[in-house]
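Trainee: I should like to request a close look at the aromatic side chains of this model and at the parts of the chain around them. Please set the account within the overall fold.

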Amino acid sequence: MNPQRRLSRNLLSEARAYGYTLSIWGGGGLLLSQFGTPSTAEVFAYVGGAIVAFGLLALLTFGDVTAEPDMEKKMTATSFVHVFATIGNLLVSYLLTFVLHGLLAFLVVGVQTTFTYNVLLLPEEYIAHLWHRSL
């Protein structure tokens, strides 16, 4: 097998999820750093917040959470690098750990991580699109 082709397939399949993984893990790490080991309720609040945000984003985007979107979108390699979405998201999570406490902190950071990451991807992908078109 051609290593470059295999790496290309790996990058294409992982690109959309890796920045979110860094953000959700990083947000959880910031909560752990600030508040220590979470209670069971705090873990469920964090994960539940992320699930609520995904549902809200799906509803806002598709108008119906049962919609079956046809999303055959081409990607450019530039759109793989989610610096703004990941670092911007972690900054918001970090600031929230100083304002919120306990169960509310875990819930809000869970919602915020999913929501903000996806929203911050929009200008990143737009810039990547413009850059690709200008070449």
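Mentor: The expected span of a helix is 1.5 Å times one less than its number of residues. By that standard, helix α2, with 23 residues, reaches 33 Å from its first C-alpha to its last, close to the 33 Å expected. The model is a predicted one, and the description that follows refers to it throughout.

The setting may be given briefly. The chain contains 4 helices and 0 strands, and its elements run α-α-α-α from the N terminus on. Of its 135 residues, buried residues make up 30%. The chain exposes about 9000 Å², of which carbon and sulfur atoms supply 69%. Contacts between residues at least 6 apart in sequence are made up to 84% of those joining residues at least 24 apart.

Now to the aromatic rings. A pair of aromatic rings is described by the distance of the centres and the angle of the planes. With centres within 6.5 Å as the requirement, the count comes to 4 aromatic pairs. One of these joins Tyr20 and Phe54 in an edge-to-face arrangement, at 5.5 Å centre to centre and with 75 degrees between the planes. This pair links distant parts of the chain, since Tyr20 belongs to helix α1 (residues 3–35) and Phe54 to helix α2 (residues 40–62), 34 residues apart. The two partners differ in their surroundings: Tyr20 is buried, because its relative accessible area of 17% falls under the 20% limit, whereas Phe54, at 42%, is partly exposed. Tyr20 and Phe54 also form one aromatic cluster together with Tyr117.

Another pair is formed by Phe35 and Phe106. Their ring centres are 6.2 Å apart and their planes stand at 45 degrees, so the pair is tilted; an angle over 60 degrees would have been needed for edge-to-face, and one under 30 degrees for stacked. Phe35 lies in helix α1 and Phe106 in helix α4 (residues 102–134), so the pair ties together parts that are 71 residues apart in sequence. Here too the partners fall into separate classes: Phe35 is partly exposed at 27% relative accessibility, while Phe106 is buried at 4%.

The surroundings of Phe35 extend beyond its ring partner. Leaving aside neighbours within four places in sequence, Phe35 is in contact with Thr97, Leu100, His101, Gly102, Ala105 and Phe106. Of these, Thr97 is 62 residues from Phe35 in sequence, yet 8.4 Å from it in space, C-alpha to C-alpha.

Tyr20 leads in turn to Thr113, a residue of helix α4. Thr113 has a relative accessible area of 0% and is therefore buried. With neighbours within four places in sequence left aside, Thr113 is in contact with Tyr20, Ser23, Ile24, Tyr46, Asn89 and Ser93. Tyr46 is itself among the buried residues of α2, which are Glu42, Ala45, Tyr46, Gly49, Ala50, Ala53 and Leu57. An α-helix has 3.6 residues a turn, so residues three or four places apart point the same way.

Helix α2 also offers a contrast to its buried residues. Val52 is found in this helix and counts as exposed, because its relative accessibility is 53% and the class begins over 50%. The C-alpha atoms of Val52 and Gly110 are separated by 8.8 Å, although the two residues are 58 residues apart along the chain. Just after α2, Gly63 takes a positive phi of about 80 degrees.

Helix α3 completes the account. Phe98 has its place in this helix (residues 83–99) and is partly exposed, with a relative accessible area of 45%. Together with Leu91, Tyr94, Leu95 and Val99, Phe98 forms a nonpolar patch on the surface, with about 520 Å² of accessible area in total. Val83 is also found in helix α3. Not counting residues up to four places away in sequence, Val83 touches Gly88 and Glu124. The C-alpha atoms of Val83 and Leu120, 37 residues apart along the chain, are separated by 9.7 Å.

How values were computed
Residues numbered from 1 in each chain as written. Predicted model: local features only at pLDDT ≥ 70, side-chain atom pairs only at ≥ 80, totals over all residues. Heavy atoms only, no water. Phe/Tyr/Trp six-rings, centres within 6.5 Å; stacked < 30°, edge-to-face > 60°. Helix = DSSP H or I, 4+ residues; strand = E, 2+ residues; numbered from the N terminus. Buried < 20%, exposed > 50% of the residue type's maximum accessible area, 1.4 Å probe, protein only. Patch = residues over 30% accessible without salt bridge, like charges linked within 9 Å, V, L, I, M, F, W, Y side chains within 5 Å. Areas by Shrake-Rupley, 256 points an atom, 1.4 Å probe, with all protein chains shown as cover. Salt bridge = Lys/Arg side-chain N within 4 Å of Asp/Glu carboxyl O. Contact = heavy atoms within 4.5 Å.
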